[in-house]
Amino acid sequence: INLVKSLAEKTTLFEGIDVENVLNSFIQEINKKGKLFLVDYLADIKATEFAKEEKLALLDLAFKTINSDNIIEYSEVKFFKKIRTRLDITDDEIIETYPEMEDFIQPDIQIFEDPEWHNVAFSNISFNATNK
């Protein structure tokens, strides 16, 4: 949450978007659909035509999210790989721009399986509250 809040405040990445409302609508959809939300999200990524810069920005955001709490969970890396495989971009293009991602793009798992998601519910967020 703090990463997205910081990006919304300090960059133009989310310019013109009410990030808090968008994230809360995603949270409502996640709570309603569960695992299907992630399946739909990954399908949307695959179906969307992104410019190379947009693909790299999406991967960068996913990479920063993984590292935002200074704890790298295997499930986060696995989801990163699921996103990466749905983008038509080469490993060399990724490494050229983000050399620190090299370990994350190496194949080591079955990345096309459905995401694991079991009865998870999230609370709405507020950028005005202190998030720890």
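Is N70 buried or exposed? At 72% relative accessibility, N70 counts as exposed, because the bar for that label is anything over 50%. Keep in mind as we go that this is a predicted model. N70 sits in the loop that runs between helix 4 (52-67) and helix 5 (74-85). Its backbone is worth a look too: phi of N70 is near 60°, a positive value in a residue other than glycine.

From that loop, let's turn to the aromatic rings. A pair of aromatic rings is described by the distance of the centres and the angle of the planes. The count here comes to four aromatic pairs. Take F63 and F104: their ring centres are 5.0 Å apart and their planes stand at 90°, so this pair is edge-to-face, the label for planes over 60 degrees apart. The two partners come from distant parts of the chain, with F63 in helix 4 and F104 in helix 7 (residues 102-105), 41 residues apart. Both F63 and F104 are buried.

F104 has another partner. With F80, F104 makes an aromatic pair that is again edge-to-face, at 5.8 Å centre to centre and with 65° between the planes. F80 belongs to helix 5 and F104 to helix 7, so this contact ties together parts that are 24 residues apart in sequence. How exposed are these rings? F80 has 1% relative accessibility and therefore counts as buried, the cut-off being under 20%. F104, with a relative accessible area of 9%, is buried as well. Put the pieces together and F63, F80 and F104 form one aromatic cluster. If you're following along in the viewer, F104 is a handy place to start, since F104 pairs with F63 and F80 pairs with F104 too.

Now for the charged side chains. Side chains of opposite charge can pair when their charged atoms come close. In this model the count comes to six salt bridges. One of them joins E29 and K32, at 3.5 Å from N to O. Both residues lie in helix 2 (residues 19-33), three residues apart, which is about one turn of the helix. E29, at 25% relative accessibility, counts as partly exposed, while K32, at 64%, counts as exposed. There is also a wider arrangement here: E29, K32, K33 and D40 are linked in a network of salt bridges.

Which residue does E93 reach for? E93 forms a salt bridge with K52, and the closest N and O atoms are 3.7 Å apart. This one spans distant parts of the chain, as E93 is in helix 6 (residues 91-97) and K52 in helix 4, 41 residues apart. E93 has a relative accessible area of 26% and is partly exposed. K52, at 35% relative accessibility, also counts as partly exposed.

One more bridge deserves a stop. D91 forms a salt bridge with R84, with 2.7 Å between the closest N and O atoms. Are D91 and R84 buried or exposed? D91 is partly exposed at 32% relative accessibility, whereas R84 is buried, with a relative accessible area of 12%.

Conventions. Residues numbered from 1 in each chain as written. Predicted model: local features only at pLDDT ≥ 70, side-chain atom pairs only at ≥ 80, totals over all residues. Heavy atoms only, no water. Helix = DSSP H or I, 4+ residues; strand = E, 2+ residues; numbered from the N terminus. Buried < 20%, exposed > 50% of the residue type's maximum accessible area, 1.4 Å probe, protein only. Phe/Tyr/Trp six-rings, centres within 6.5 Å; stacked < 30°, edge-to-face > 60°. Salt bridge = Lys/Arg side-chain N within 4 Å of Asp/Glu carboxyl O.
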